[in-house]
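Q: I'd like a close look at a single part of this protein, with the surroundings added as we go. Could you walk me through it in plain language?

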Amino acid sequence: HFLFNALTTLGYLIKTSPDKAYDTLLRLTQVLRGVLRSTGEFSTLGDEIKLIESYLDIEHARFEERLRVNIDVPDALKNIKVPSLILQPIVENAIKHGISENKNGGEVRISAAVTNGNADPMLRLTVWDSGPGKNALITNGTDGVGLRNIRERLATYYGKTAKLTLATSEGDGTEALIDLPIKRASETTDQRRFTQI
């Protein structure tokens, strides 16, 4: 879906703004390279944010001033390990359901913070969009493939200590929260003990 939209945008820009098409092509190359490099199950939050920024640069070429982005991720959190490509499907959903369906566009906010979950520190990743707040995936009570994949991966890596929560309010956007422990147990095939990431 994203790749199809990106190629359509490139086709349009080649005719109307070749320099912008070239810049967008370089961004697409960065995104694809980042996705292909993500062969490991985990990456740093900083690397995930770089991938999201490249992805959003491509979407900016598509939506121009209709897409506003605010990323608030403290440098101190960028070395925390997170599952690879955990945020991209959520950001893509925010643009698909919150921005592209609104002729005036909208805003996407991405943030990270440390919270205390049962006395253990938790990393909270938040993606909010200013869309109509009637996300079909939420109102129908079902997850799309991307969201279902995220839930299954969180359960595999962290058991019941991690979760994806979606909240929507009509006229006030949609918010996706990922809560996961900063401390995680290694997989049984990996003999490392419980470590602080």
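Is arginine 124 buried, partly exposed or exposed?

A: Keep in mind that this is a predicted model. Arginine 124 is partly exposed, because its relative accessible area is 30%, and the buried class stops at under 20%.

Now look at what its side chain is doing. Arginine 124 and aspartate 179 meet through their side chains in a salt bridge, with 2.8 Å from N to O. This pair links distant parts of the chain: arginine 124 is in strand β5 (residues 120-129) and aspartate 179 is in strand β7, 55 residues apart. The two partners sit in different classes of exposure: arginine 124 is partly exposed at 30%, while aspartate 179 counts as buried because its relative accessibility is 6%.

Let's follow aspartate 179 into its own strand. Strand β7 covers residues 174-181 and runs antiparallel to strand β6, residues 163-168, with six bridges joining the two. To find one of these bridges, pick out leucine 166, whose partner in β7 is alanine 176. Together β6 and β7 make a hairpin, with five residues between them. In that turn, glycine 171 has a positive phi of about 85 degrees.

Back to β5 for a moment, because a handy fact about strands helps when you look along one: in a regular strand, side chains alternate between the two faces of the sheet.

Another residue to find from β5's stretch of the chain is leucine 125. Its C-alpha is 9.0 Å from that of valine 73, although the two are 52 residues apart in sequence. Valine 73 is in the loop between β2 (67-72) and β3 (81-83), and it counts as buried because its relative accessibility is 11%. Leaving out residues up to four places away in sequence, valine 73 touches Leu45, Ile49, Lys78, Ser111 and Ala112.

Two of those names, Leu45 and Ile49, take us to helix α3, which spans residues 45-63. You can do a quick check on this helix: at 1.5 Å a residue, its 19 residues should span 27 Å, and the end C-alpha atoms are 26 Å apart, so the two agree. Right after α3 comes glutamate 64, with a positive phi near 55 degrees.

Helix α3 also gives us a second salt bridge to set beside the one we started with. Aspartate 57 pairs with arginine 27, and their closest N and O atoms are 2.9 Å apart. This pair, too, links distant parts of the chain, with aspartate 57 in helix α3 and arginine 27 in helix α2, 30 residues apart. Here both partners are partly exposed: aspartate 57 has a relative accessibility of 30%, and arginine 27 has 32%.

One more pair is worth finding. Glutamate 107 forms a salt bridge with arginine 109, the closest N and O atoms being 3.2 Å apart. Glutamate 107 counts as buried at 18% relative accessibility, whereas arginine 109 is partly exposed at 39%. The count of salt bridges comes to six.

Finally, zoom out. The chain has six helices and nine strands, and buried residues make up 42% of its 197 residues. Links between distant parts show up in the contacts as well: among those between residues at least 6 apart in sequence, 68% join residues at least 24 apart.

Technical notes. Residues numbered from 1 in each chain as written. Predicted model: local features only at pLDDT ≥ 70, side-chain atom pairs only at ≥ 80, totals over all residues. Heavy atoms only, no water. Pairing = 2+ DSSP bridges. Helix = DSSP H or I, 4+ residues; strand = E, 2+ residues; numbered from the N terminus. Expected span 1.5 Å × (residues − 1). Buried < 20%, exposed > 50% of the residue type's maximum accessible area, 1.4 Å probe, protein only. Contact = heavy atoms within 4.5 Å. Salt bridge = Lys/Arg side-chain N within 4 Å of Asp/Glu carboxyl O.
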